[in-house]
Amino acid sequence: MAQATTNPQADTSKVVMGALLVWAAVIIYASSNSIVSLLANIGRENPVMGRNAVSLCNLLFLGSLISLVPMVFMFWRDWTMENLRKLSRKDWGVLTLSAILSSALTPALFFIALDYTTVTNVVLIGRIEPPLFLLATVLILGERLDPWALAAGIVALFGAVIIFVMNGAAIEFGKGEIATIFATLSFIASTIVTRLGLRGVPLGIFSIYRTVLGTIIYYFLALYLYGPNHFQDLFQPIVLKWVWVYAIIVIIVGQFSWNIGLKHARSGDVSLATSFSPVAALIIAMVLLGEDPGPGLVPGGLVILSAIAIGQFGRLRAKAAEKRAEEERRKHDMDKAMEAEGRVNFKGA
């Protein structure tokens, strides 16, 4: 009987593809705060009866609805009775928790943060995420701790602190900064849950269910926080004109890249990619919004780039160690085969 064999080269290709997709998603997400702020500024310049129709909530809610169209088109084949019957109660629980965290709670907290503080502060405070994410994967998922990736995350956090302090940012935390901390913790939890959910659930079921349930939860959460008339400008022409920018770039491309990347990338690759997020976000905010990144960008950015170099060095070292171990295993197997052949070799009379 033929035995199933794994293809190390194919597995390596999937890991590389996952890492590239995670990097693409990180760049997209790094631009998301600036894109949201830019679209909100357009709404302020074109008010509807004195209101800004291009609000953060309108963008997220309508953008999520729009993103369902390509999702259904791409993944409707995953929604079979056979696939649905295979899902356990635990799978549905993971899907539901992921929807609450990633599609409702996390964006709501980030939007609240942007109401009370700057994009720069949100970005910099969010740098607590890489090292905490790595520790969470060890404690919750049981993955092996990558000390080089952890060191890279800590160095990147130090670079963010340099930027924060040199820019003269206030040390005292307000509502925006506190919301950012909770949003970051929610994002870490949603990432862990996503990695758990994608292990045994088809991507189509995961994406569509999470988006639908998360959008519904977010809708009622926004109504509770902001009042019953909060979505009254949802279908204004200016919203319908600009929501496509957010829906296509951030939700559709960013979410697909992130979900597929998480399925194949290693936790160290995810942490390494997210470490670059503050530099990318500050540069994008400078280009799109004209924000002054302050004197801390260059020294802090150099420290963050050094963190990426540390993480990359650790990754190359791990690959070299794996290659040496594989070569030693093959040599050991060959020696055992030669020894067995010597024992059973027929000498003749």
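**Notes on an all-helix model**

1. Let's start on the surface. Helix H8 supplies the largest share of a nonpolar patch, namely three residues. Keep in mind as you look around that this is a predicted model. The members of the patch are Leu132, Leu135, Leu145, Phe173, Ile178, Phe182 and Leu185, and together they have about 600 Å² of accessible area. Two elements give two or more residues each: helix H6 (129-139) and helix H8 (175-197).

2. Now pick out one member of that patch, leucine 145. You'll find leucine 145 in the loop between H6 and helix H7 (147-166). Is leucine 145 buried, exposed or partly exposed? Its relative accessible area is 34%, so leucine 145 counts as partly exposed, since that class runs between the 20% and 50% cut-offs.

3. Step back for the overall plan. How many helices and strands does the protein chain have? There are 13 helices and zero strands. Read from the N terminus on, the order of elements is simply α-α-α-α-α-α-α-α-α-α-α-α-α. The chain has 349 residues, and 47% of them count as buried.

4. Next, look inside. Searching the whole structure turns up two cavities of 30 Å³ or more. The largest cavity has a volume of about 850 Å³. It is lined by 36 residues, and Tyr29, Ser32, Thr106, Phe110 and Phe187 are the closest to its centre. Plenty of helices take part here: those giving two or more residues to this lining are helix H1 (8-45), helix H2 (56-75), helix H4 (89-116), helix H5 (119-125), H8, helix H9 (203-226), helix H10 (237-264) and helix H12 (277-289). Notice that H8 is on this list as well as among the contributors to the surface patch.

5. What classes of residue line the largest cavity? The lining is a mixture, with 16 nonpolar, 17 polar and three charged residues.

6. Compare that with the second largest cavity, which has a volume of about 40 Å³. Its lining consists of Cys57, Ala108, Ile112, Tyr218, Leu221, Ala222, Leu225 and Tyr226. H4 and H9 are the elements that each give two or more residues to this lining. H9 gives the most, with five residues. By class, the lining has eight nonpolar residues, no polar ones and no charged ones.

7. Pockets are open rather than closed off, and one of them deserves a look. The second largest pocket has a volume of about 350 Å³. Its lining has 20 residues, and Ala40, Arg44, Leu56, Leu114 and Asp115 lie nearest the centre. H1, H2 and H4 each give two or more residues to this lining, and H1 gives the most, with five. Ten of the lining residues are nonpolar, seven are polar and three are charged.

8. Finally, here's a backbone detail to check for yourself. Which residue has a positive phi although it is not a glycine? That's methionine 49, with a phi of about 55°. Methionine 49 sits in the loop between H1 and H2. Its relative accessibility is 73%, so methionine 49 counts as exposed, a label used for values over 50%.

Conventions: Residues are numbered from 1 along each chain as its sequence is written. This is a predicted model: local features need pLDDT of at least 70, side-chain atom pairs count only at pLDDT 80 or more; totals for chains, interfaces and linings use all residues. Side-chain values use heavy atoms; hydrogens and water are left out. Patches are made of residues with over 30% relative accessible area and no salt bridge: like charges are joined within 9 Å, nonpolar side chains (Val, Leu, Ile, Met, Phe, Trp, Tyr) within 5 Å. Accessible areas come from the Shrake-Rupley method with a 1.4 Å probe; for residues, only the protein chains shown count as cover. A salt bridge is a side-chain nitrogen of Lys or Arg within 4 Å of a carboxyl oxygen of Asp or Glu. Helices (H or I, at least four residues) and strands (E, at least two) are DSSP runs, numbered from the N terminus. Buried means under 20% relative accessible area, exposed over 50%, partly exposed in between (1.4 Å probe, protein chains only). On a 1 Å grid over the protein atoms alone, a cavity is a set of points where a 1.4 Å probe fits but cannot get out, and a pocket is an open set with protein on both sides within 12 Å along at least five of seven lines; lining residues have an atom within 4 Å of a point. Grid points are joined across faces, edges and corners, and a volume is the space filled by probe spheres set on the points. Ala, Val, Leu, Ile, Met, Phe, Trp, Tyr, Cys and Pro count as nonpolar, Asp, Glu, Lys and Arg as charged, and the others, Gly among them, as polar.
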